[in-house]
Amino acid sequence: MKFSAAFLSLASMASAIDLWSYSNRDCGGNAGVCRSINPNICCSTGGSSGLGSSASAHGIPIGWLIELRAFTGGDCTNLAATAGSGGGQTSICIRGGFFTGMSYNFYGRKRGETVESDCQRPDTLVLTDGSEYDISGLDDETFSVLYPLGLNATGPEDVPQELKSLQIK
């Protein structure tokens, strides 16, 4: 058993998963992304402010059995919904809700062994047209103002000027 836990730990470092939080309820639209996040790390904007209306995990290696979790009540406080990868999917989605955080874990871990106490906020803002903005370096105050504006932009022309200089794609 110690071998499999060590293997899963090494495997998660070798191929971390991206968690996406979408502005609409069907895993589409603009999104905040926590890139290469490890298991049991909460992806959240902090506190009780909403992260998004749907959540997804992308880049799941074939054969991995993970559970995506979406939370309400601030950060990753109250488990609201889950979805499983089934081992053959490279992405999964939890539709509809008002989520404040999300994380993932490997199936087979006991619930008591997992605590999403460490949080990371989205590091990338992605618009529906594929435009991407690196928001990892924003201080907390600037992030709390610009993130919702960027998430609600209808296109690059609606992105606040402060974000335009952070465009990476």
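# A walk through the disulfides, sheet and cores

C27 sits in the loop between β1 and β2, and that loop is a handy place to start. Keep in mind that this is a predicted model. The backbone at C27 does something to look out for: phi is positive, about 60°, although C27 is not a glycine. The residue is also tucked away, because its relative accessibility of 17% puts it under the 20% limit for buried.

What does C27 bond to? Its partner is C93, with the two sulfur atoms 1.9 Å apart. The link of C27 and C93 is right-handed, with 95° about the S-S bond. Since C27 lies in the loop between β1 (17–22) and β2 (31–37) while C93 belongs to strand β7 (residues 91–94), the pair ties together parts that are 66 residues apart in sequence. As a reminder of the chemistry, a disulfide is a covalent bond between the sulfur atoms of two cysteines.

How many disulfides are there? The count comes to 3. Another of them joins C34 to C43, S to S 2.0 Å. The torsion here is 80° about the S-S bond, and the link of C34 and C43 is right-handed. Both C34 and C43 are buried.

Then there is the disulfide between C42 and C76, where the S to S distance is 2.1 Å. The torsion about the S-S bond of C42 and C76 is about 90°, so this disulfide is right-handed. It links distant parts of the chain, with C42 in strand β3 (residues 42–44) and C76 in the loop between β5 and β6, 34 residues apart. C42 and C76 are both buried.

If you number the bonded cysteines in sequence order, the pairing reads 1-6, 2-4, 3-5. C119 is left out of this scheme: it is in no disulfide, and the nearest cysteine sulfur, that of C42, is 3.6 Å away. Why is there no bond between C119 and C42? The 3.6 Å between their sulfur atoms does not fall within 2.5 Å, so the pair does not count as a disulfide. As for its surroundings, C119 counts as partly exposed because its relative accessibility is 41%.

The loop between β5 and β6 deserves another stop, since D75 is found there too. Phi of D75 is near 45°, a positive value in a residue other than glycine. With a relative accessibility of 23%, D75 counts as partly exposed.

Now for the sheet. It is open, has 5 strands in the order β6-β5-β8-β3-β9, and its pairing is mixed. At the edges are β6 (78–84) and β9 (119–120), each of which pairs on one side only. Further in, strand β5 (residues 66–72) and strand β8 (residues 101–106) run antiparallel and are joined by 6 bridges. If you want a spot to check the register, take R69, whose bridge partner in β8 is S103.

On to the packing. In soluble globular proteins, nonpolar side chains tend to be buried together. In this model, the largest nonpolar core has 32 residues, and those touching the most other members are I17, L19, A57, I66, I135 and L163. Two or more residues come from each of β1, β2, β4 (54–58), β5, β7, β8 and α2 (140–151). Which element gives the most? That is α2, with 4 residues.

I135 is a good one to click on. Leaving aside neighbours within four places in sequence, I135 is in contact with R121, P122, D123, T124, L125, F143, Y147 and L163. Apart from the largest core lies another, of 6 residues, among them W20, Y22, C27 and V33. So C27 turns up again: this buried cysteine is a member of that 6-residue core and is also disulfide-bonded to C93.

The last stop is some empty space. The second largest pocket has a volume of about 260 Å³. Its lining takes in 15 residues, and G50, L51, Y147, P148 and L151 lie nearest its centre. Which element supplies the largest share of that lining? α2 does, with 5 residues. That brings two earlier threads together: α2 also gives the most to the largest nonpolar core, and Y147, which lies among the residues nearest the pocket centre, is in contact with I135.

Conventions. Residues numbered from 1 in each chain as written. Predicted model: local features only at pLDDT ≥ 70, side-chain atom pairs only at ≥ 80, totals over all residues. Heavy atoms only, no water. Pairing = 2+ DSSP bridges. Buried < 20%, exposed > 50% of the residue type's maximum accessible area, 1.4 Å probe, protein only. Core = buried A, V, L, I, M, F, W, Y, C linked by side-chain atoms within 4.5 Å. Contact = heavy atoms within 4.5 Å. 1 Å grid on protein atoms, 1.4 Å probe; cavity = no way out; pocket = protein on both sides within 12 Å on 5 of 7 lines; lining within 4 Å. Points joined across faces, edges and corners; volume = space filled by probe spheres on them.
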